[in-house]
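Me: I have a structure to go through with you. Could we work from the overall layout down to single residues?

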Amino acid sequence: MNSPAILVVDDEPWAHQAVRTTLTNLGNYVVRAAQSGEEALKILRRDPPDLILIDLNTVGRLMYGTDGLEACRMIRAASDRPIIVISDR
């Protein structure tokens, strides 16, 4: 059985590393870490993961000035992959 491919969307590099380390230690595989909704959409089109973890508080670098919730909506519209919303606040 293959480990699920997981995409982590968060604008904080330290958060990518913390989540990646935790998931790797649990035997999972992180496909890639995206720092914006736009980057996540590119990854979804190229190599769709099995699961998406997105930080609700991701701001600043998202396309069109959106926040994490709007990025989540855009990702949901582009993909049927399950999304888990996370937050560090």
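Me: Before we look at helix faces, what does exposed mean here, and what does buried mean?
Reply: A residue is exposed when its relative accessible area is over 50%, and buried when that area is under 20%. On that basis, the face of α3 turned away from its buried side carries the exposed residues Arg 73 and Ala 77. Please bear in mind that this is a predicted model.

Me: Which residues of α3 are buried?
Reply: Gly 68, Ala 71, Cys 72, Met 74 and Ile 75 are the buried residues of α3. They lie on the same side of α3, because the arc they cover around the axis is only 160 degrees plus a little: 165 degrees.

Me: And what do they pack against?
Reply: The buried residues of α3 pack against α2, β3 and β4.

Me: Let us step back. How many helices and strands are there?
Reply: The protein chain has three helices and four strands. Along the sequence they follow the pattern β-α-β-α-β-α-β.

Me: How are the strands arranged in the sheet?
Reply: The four strands form an open sheet in the order β2-β1-β3-β4, with parallel pairing. β2 and β4 (83–86) stand at the edges with a single partner strand each, so one side of each has no neighbour in the sheet. From one strand to the next, the twist averages 20 degrees.

Me: How many bridges join β1 to β3?
Reply: Four bridges join these two parallel strands. Leu 7 stands opposite Ile 52 in β3, and Val 8 has Leu 53 in β3 as its bridge partner.

Me: Where do the helices sit on that sheet?
Reply: α2 packs on the sheet and touches β1, β2 and β3, and its direction makes about 140 degrees with that of β2. α3 also packs on the sheet, where it touches β3 and β4; its direction makes about 160 degrees with that of β3.

Me: What about β3 and β4, in which sense do they pair?
Reply: They pair in the parallel sense, over four bridges. Ile 54 has Val 85 in β4 as its bridge partner.

Me: Is β3 mostly covered or mostly open?
Reply: β3 is mostly covered, since four of its five residues are buried.

Me: Back to α2, then. Which of its residues are buried?
Reply: In helix α2 (residues 37–46), the buried residues are Gly 37, Ala 40, Leu 41, Ile 43 and Leu 44. Their arc around the axis is only 160 degrees, which puts them on the same side of α2. Arg 45 and Arg 46 are exposed on the other side.

Me: Why would residues a few places apart share a side of a helix?
Reply: An α-helix has 3.6 residues a turn, so residues three or four places apart point the same way.

Me: Which elements does the buried side of α2 meet?
Reply: The buried residues of α2 pack against β1 (5–9), β2 (29–34), β3 (51–55) and α3 (68–78).

Me: Now the core. Which members of the largest nonpolar core touch the most other members?
Reply: Leu 7, Val 9, Ala 34, Ala 40, Ile 52, Ile 54 and Ile 75 do, in a core of 13 residues. The elements giving two or more residues to this core are β1, α2, β3 and α3. Apart from it lies another core, of six residues, including Ile 6, Leu 23, Val 30 and Leu 53.

Me: What is Ile 54 in contact with, leaving aside neighbours within four places in sequence?
Reply: Ile 54 is in contact with Val 9, Gly 68, Ala 71, Cys 72, Ile 75, Ile 83, Ile 84, Val 85 and Ile 86.

Me: A different spot: is Ala 5 buried or exposed?
Reply: Ala 5, in strand β1, is buried, with a relative accessible area of 15%. Leaving aside neighbours within four places in sequence, Ala 5 is in contact with Tyr 29, Val 31, Pro 49, Asp 50 and Leu 51. Ala 5 and Val 30 are 25 residues apart in sequence, and their C-alpha atoms are 5.6 Å apart in space.

Me: And where is Glu 12 found?
Reply: Glu 12 is in the loop between β1 and α1 (13–25). Glu 12 is partly exposed, because its relative accessible area of 29% falls between the 20% and 50% limits.

Definitions and conventions:
Residues numbered from 1 in each chain as written. Predicted model: local features only at pLDDT ≥ 70, side-chain atom pairs only at ≥ 80, totals over all residues. Heavy atoms only, no water. Buried < 20%, exposed > 50% of the residue type's maximum accessible area, 1.4 Å probe, protein only. Arc of directions from axis to C-beta. Contact = heavy atoms within 4.5 Å. Core = buried A, V, L, I, M, F, W, Y, C linked by side-chain atoms within 4.5 Å. Pairing = 2+ DSSP bridges. Axes fitted to C-alpha atoms, helices over the stretch in contact; angles between N-to-C directions.
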